[in-house]
Amino acid sequence: MKNIRLLIADGNPETRNVIKEIVTAENFFADETADGISALKLFKRNDYKIIILDTELPELDGYNVCRQIRKVSDVPIIITSYIIDEAEKLCFFEAGVDDYVVKPFYPSELMARIKVFLHRSSGLEENTRFIYMNEIYIDTVSRTVHVDDKPIQLTPKEYDLLMFMAKNPNKALSRDVLLNEVWGFDFFGSDRTIDTHIKTLRESLKPYQYHITTVWGFGYKFEL
């Protein structure tokens, strides 16, 4: 993994230094900033593989920085925060963050999470670009989905959920499996997260939403 550039946005200079040290030790490049406005300016000027955001950024907080980024990009976003309230965490996941690390954290743990996202990204690039499912096809490089040759708008998690189900066609997938594989083993949410995303995904896939079937009392299946 060469020429990996990350953005670190944290109001605490000590935290920024810790994160920068662990990523530069892996020969990654890192830009850093102390406020949300500057984070967005850097994001617009550079191509980042991962963005690490603190929740309590001055000028513009991490939540709103994330929302602005998600309007135009699926770049992995890792939140770091002292906030441990479940409802607050859920707000960030619904805004499109990919991971949430509670402070204080072990630098090695954060580095391990960063590498997971980097390996996932490189794996997608090495696989076949297009996945065809009758009237629906996925472009795994641009992370776009087309229905009847027309692009549809999906959130990052809706895309990840569709991708996982598409790679396991005609297989009944439990809610626990979907949570673990798409959101991760340490995700704090509940089954309703899956049900909500399935509902919105079906809406986006109309008139072919029937491909996603419910396995009552168990989970869901993508039928070809």
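This passage looks at one helix and a run of three paired strands in a predicted model.

Let's start with helix 7, which spans residues 175–183. Its buried residues are R175, L178, L179, V182 and W183. Around the helix axis, these residues cover an arc of only 100°, so they sit on the same side of helix 7. What lies over them? The cover for the buried residues of helix 7 includes two other helices, helix 6 (156–166) and helix 8 (191–204). Strand 10 (173–174) and strand 12 (219–222) are also part of that cover. Right after helix 7 comes G184, a residue with a positive phi of about 105°.

Now for the strands. Strand 7 (residues 136–139) pairs with strand 8 (residues 144–147) in the antiparallel sense, and four bridges link the two. One pairing to look for in the structure is Y137, whose bridge partner in strand 8 is H146. The hairpin of strand 7 and strand 8 has four residues between the strands, and in this hairpin R143 takes a positive phi near 55°.

Strand 8 has a second partner to look at: strand 9 (residues 150–152), again in the antiparallel sense, this time over three bridges. Here V147 is matched with K150, its bridge partner in strand 9. Between strand 8 and strand 9 the hairpin leaves two residues, and D148 is the one to check in this hairpin, with a positive phi near 55°. When following the side chains here, it helps to remember that in a regular strand they alternate between the two faces of the sheet.

Notes
Residues numbered from 1 in each chain as written. Predicted model: local features only at pLDDT ≥ 70, side-chain atom pairs only at ≥ 80, totals over all residues. Heavy atoms only, no water. Buried < 20%, exposed > 50% of the residue type's maximum accessible area, 1.4 Å probe, protein only. Arc of directions from axis to C-beta. Contact = heavy atoms within 4.5 Å. Pairing = 2+ DSSP bridges.
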